Amino acid sequence: MVITTKTGDKGKTSLCRGKRVAKDSLRIEICGILDELNSYLGISKSLTKDIKLKQIVESIQKDLFIIGAEVATEARHRKQLKVRIDNKFIERLEELIEQLEESSICSSFCFCLPGANPVSSSLDVSRALARKLERRIVTLKRKKFINNDFVLIYLNRLSDLLFLFARKTTKKFSKKK
């Protein structure tokens, strides 16, 4: 497989199943934000020494590919997707959020200044990108390009979870000093 196909040289790219769209279309923008978010999560995963966090981040990265497939697939072909975001994905995030909220990390924060350490910083950038993605998915839903309500709920929970993980890694680093 060659990486340079030259088929995008005139500002068009392909969605799943080959439909050509402008590279600045909403769906392609969302795929780009998914890629950014996935890349920043990769940075977080590479920086942390916490094995459980690495595993959770990797599972989230895989979930983002599922969302990307749904965004990049025409509505008439979505039923052919083998996996779609559903309530099980959301419940998994909510369980993690609940565990973190029960721990002492939630005792005294509202808004936090990002930048305490490289791991929390990359998680905060990931959270901001998840919120950006959430906003663009709202637009996509409003334009009726996507009808899976679970995607929006998943992204809302994801940003909450990333916020909590960033705070958790901030506390871990501050205890070592």
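Student: Which helix supplies the largest share of the nonpolar patch, and how many residues does this helix give?

Tutor: Helix 1 does, with three residues. The model is a predicted one. The patch lies on the surface and consists of Tyr40, Ile43, Leu47 and Val125. Together these residues have about 290 Å² of accessible area.

Student: Take Tyr40. Where is Tyr40 found, and what does its relative accessibility count as?

Tutor: Tyr40 is in helix 1. Its relative accessibility is 33%, and Tyr40 therefore counts as partly exposed.

Student: What does Ser122 contact, leaving aside its neighbours within four places in sequence?

Tutor: Ser122 is in contact with Tyr40, Ile43, Ser44 and Leu47. Tyr40, Ile43 and Leu47 also belong to the surface patch. Ser122 itself is found in helix 4.

Student: Is Ser122 buried or exposed?

Tutor: The cut-off for buried is under 20% relative accessible area. Ser122 has a relative accessible area of 5%, so Ser122 is buried.

Student: Let me step back to the whole chain. How many helices and strands does the protein have, and what pattern do they follow along the sequence?

Tutor: There are five helices and two strands. Read along the sequence, the pattern is β-β-α-α-α-α-α. The C-alpha trace spans about 55 × 35 × 25 Å along its principal axes.

Student: How should I read the contacts, and what percentage of those between residues at least 6 apart join residues at least 24 apart?

Tutor: Such a percentage concerns how far apart in sequence the partners are. Here 72% of the contacts between residues at least 6 apart in sequence join residues at least 24 apart.

Student: Now the interior. What is the general idea of a nonpolar core?

Tutor: In soluble globular proteins, nonpolar side chains tend to be buried together. In this protein, 39% of the 177 residues count as buried. The largest nonpolar core has 39 residues, and the ones with the most contacts inside this core are Ile60, Ile67, Tyr154 and Leu158. Helix 1, helix 2, helix 3, helix 4 and helix 5 each supply at least two of the core residues. Helix 5 gives the most, with 10 residues.

Student: Which residues does Leu158 touch, not counting those up to four places away in sequence?

Tutor: Leu158 touches Leu37, Ile60, Leu64, Leu93 and Ala130. Ile60 is also one of the core residues with the most contacts.

Student: And the outside: what is the accessible surface of the protein, and what part belongs to carbon and sulfur atoms?

Tutor: The accessible surface comes to about 10,500 Å², and carbon and sulfur atoms account for 56% of this area.

Student: How do I read a salt bridge?

Tutor: Side chains of opposite charge can pair when their charged atoms come close. A search of the whole structure finds 15 salt bridges. One of them joins Arg136 and Glu29, with the closest N and O atoms 3.5 Å apart. Arg136 lies in helix 4 (residues 118-142) and Glu29 in helix 1 (residues 26-47), so this pair ties together parts that are 107 residues apart in sequence. Arg136 is partly exposed at 24% relative accessible area, and Glu29 is partly exposed at 33%.

Student: Where do Lys62 and Glu58 lie, and how many residues apart are they?

Tutor: Both lie in helix 2 (residues 51-72), four residues apart, which is about one turn of the helix. Their side chains meet in a salt bridge, 3.7 Å from N to O. Glu58 has a relative accessible area of 35% and is partly exposed.

Student: Which side chain meets that of Arg157 in a salt bridge?

Tutor: That of Glu94, at 2.9 Å from N to O. The pair links distant parts of the chain, with Arg157 in helix 5 (residues 149-176) and Glu94 in helix 3 (residues 87-102), 63 residues apart. Arg157 is partly exposed, with a relative accessible area of 24%, and Glu94 is partly exposed, with 32%.

Student: Which residues are linked in a network of salt bridges?

Tutor: Lys19, Arg27 and Glu74 are linked in this way.

Student: Last, the backbone. What is the phi of Lys144, and where does Lys144 lie?

Tutor: Lys144 has a positive phi of about 65°, although this residue is not a glycine. Lys144 is in the loop between helix 4 and helix 5. Lys144 counts as exposed because its relative accessibility is 72%, and the cut-off for exposed is over 50%.

Key. Residues numbered from 1 in each chain as written. Predicted model: local features only at pLDDT ≥ 70, side-chain atom pairs only at ≥ 80, totals over all residues. Heavy atoms only, no water. Salt bridge = Lys/Arg side-chain N within 4 Å of Asp/Glu carboxyl O. Buried < 20%, exposed > 50% of the residue type's maximum accessible area, 1.4 Å probe, protein only. Contact = heavy atoms within 4.5 Å. Core = buried A, V, L, I, M, F, W, Y, C linked by side-chain atoms within 4.5 Å. Patch = residues over 30% accessible without salt bridge, like charges linked within 9 Å, V, L, I, M, F, W, Y side chains within 5 Å. Areas by Shrake-Rupley, 256 points an atom, 1.4 Å probe, with all protein chains shown as cover.
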